[in-house]
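Trainee: I would like to take a close look at one part of this structure and then see how that part sits among its surroundings. Could you take me through it slowly, in one connected account?

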Amino acid sequence: MLSNVKVVLVGTSHSGNIGSAARAMKVMGLSEMVLVDPQCEVDAQAIALAAGASEIALNARIVKSLEEAVEDCGLVVGTSARSRTLEWPILDSRECGEKFAIEGQKHPVALVFGRERTGLSNEELQTCHYHVSIPANPEYSSLNLAMAVQTLCYEIRVAHLNQLQSHYSSHAEEEYPRHKELEMFYEHLEKVMIETQFISETQPSQVMNKLRRLFNRARPEAQELNILRGVLTAVGKSLRDKK
């Protein structure tokens with residue numbers, strides 16, 4: 001399961017944070033790092049702070065966008081402070097670990113960390129099924145990137161070890177669509193809603209954002225998503241036949 005967990009760092013600007021994150025990952029048995037549009041290189045400082053985990057930093061996959069980083073993932077969780085105005089399903093760190101331990105058995109899963117100063121943008125957060133917030137001391141909640149990576153990777157490892165001990169997973173049979181498949185569904189849904197004049201082609205974003213939130217909260221399984229795609233295809237065919 002642990003090999004299916006991706007730790008995705010977006011727009012990292014300090015190379016030392018890449019190395020420190022790699023060290024935090026290796027301590028918890030994780031090895032898959034993805035760097036999205038990094039603003040620095042994996043240099044000598046990164047290697048030094050990796051402290052024996054340099055292979056994770058050196059072998060990190062580098063991509064241009066978050067979409068590309070998570071396109072094969074069935075579960076994507078982004079780190080976020082609770083004060084965000086964007087309403088989205090929120091997990092605490094313990095719940096996040098438990099979800100990863102369950103779904104990581106079936107498909108790749110991604111834990112996404114934002115930029116050191118500004119975190120993840122609202123658009124990037126909307127790419128995620130859930131947001132996770134570490135319940136730190138509200139009077140002093142300052143966590144650096146490596147601390148956040150360490151905390152959440154620890155929760156994933158503990159949940160995984162508990163699962164191995166119990167030999168039981170209540171959701172192991174569920175198969176969820178990959179992120180790329182969800183994006184194709186959203187594109188299909190938007191196209192049909194424009195064709196039926198339910199939304200305006202010039203301003204589709206407000207309704208689509210609400211629908212993204214709805215389906216991310218509902219977490220349709222792969223078979224359920226196929227049914228929804230079938231409904232959209234039937235509607236589109238009916239419209240073409242009438243024309």
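With which residue does K26 form a salt bridge, and how far apart are the closest N and O atoms?

Mentor: Please keep in mind throughout that this is a predicted model. The partner of K26 is E55, and the closest N and O atoms of this salt bridge are 2.8 Å apart. The pair ties together distant parts of the chain, since K26 belongs to helix α1 and E55 to helix α3 (residues 54-58), with the two positions 29 residues apart in sequence. Neither partner is fully covered: K26 counts as partly exposed because its relative accessibility is 39%, and E55 counts as partly exposed as well, at 32% relative accessibility.

The helix that carries K26 leads directly to the sheet. Helix α1 (residues 15-27) lies across β1 and β2, and runs at about 155° to β2. The two strands beneath this helix, β1 (residues 5-10) and β2 (residues 32-36), run parallel and are joined by 5 bridges, and within this pairing L9 stands opposite L35 in β2.

These two strands are part of an open sheet of 7 strands, with parallel pairing, whose order reads β3-β2-β1-β6-β4-β7-β5. The edges are formed by β3 (61-63) and β5 (90-92), each of which has a single partner strand, so one side of each is left without a neighbour in the sheet. From one strand to the next, the twist averages 30°.

Moving from β1 in the other direction, away from β2, one comes to β6. Here too the strands run parallel, with 5 bridges joining β1 to β6, and V5 stands opposite V109 in β6. Strand β6 is mostly covered, with 5 of its 5 residues buried. Its side chains alternate in direction: V109, L111 and F113 point one way, whereas A110 and V112 point the other way, and all of them are buried.

The next strand in the order, after β6, is β4. 4 bridges join β4 to β6 in a parallel arrangement; V77 stands opposite L111 in β6, and the bridge partner of G78 in β6 is V112. On its other side, β4 is joined to β7 by 3 bridges, again with the strands running parallel, and T79 has V132 as its bridge partner in β7. Like β6, strand β4 is mostly covered, for 5 of its 5 residues are buried; L75, V77 and T79 point one way from this strand and V76 and G78 the other way, and all are buried.

A second helix lies across this part of the sheet. Helix α5 (residues 93-103) lies across β1, β4 (75-79), β5, β6 (109-113) and β7 (130-133), and runs at about 100° to β5.

Helix α5 also returns us to the theme of your question, since R94 forms a salt bridge with E155, the closest N and O atoms being 2.6 Å apart. This pair likewise links distant parts of the chain, with R94 in helix α5 and E155 in helix α7 (residues 145-166), 61 residues apart. The two partners differ in their surroundings: R94 counts as partly exposed because its relative accessibility is 49%, while E155 is buried, with a relative accessible area of 8%. A further salt bridge is the one in which the side chains of E175 and R178 meet, at 3.1 Å from N to O. In that pair E175 is partly exposed, with a relative accessible area of 31%, and R178 is partly exposed at 22% relative accessibility. A search of the whole structure finds 9 salt bridges, the pair formed by K26 and E55 being one of them.

To complete the picture, one may compare these pairs with a charged residue in helix α8 (residues 179-195), namely E183. This residue counts as buried because its relative accessibility is 12%, and, leaving aside neighbours within four places in sequence, E183 is in contact with E67 and R212. In helix α8 one also finds L182, which counts as buried at 5% relative accessibility. With neighbours within four places in sequence again left aside, L182 is in contact with H129, P177 and L225.

Notes
Residues numbered from 1 in each chain as written. Predicted model: local features only at pLDDT ≥ 70, side-chain atom pairs only at ≥ 80, totals over all residues. Heavy atoms only, no water. Pairing = 2+ DSSP bridges. Axes fitted to C-alpha atoms, helices over the stretch in contact; angles between N-to-C directions. Contact = heavy atoms within 4.5 Å. Buried < 20%, exposed > 50% of the residue type's maximum accessible area, 1.4 Å probe, protein only. Salt bridge = Lys/Arg side-chain N within 4 Å of Asp/Glu carboxyl O.
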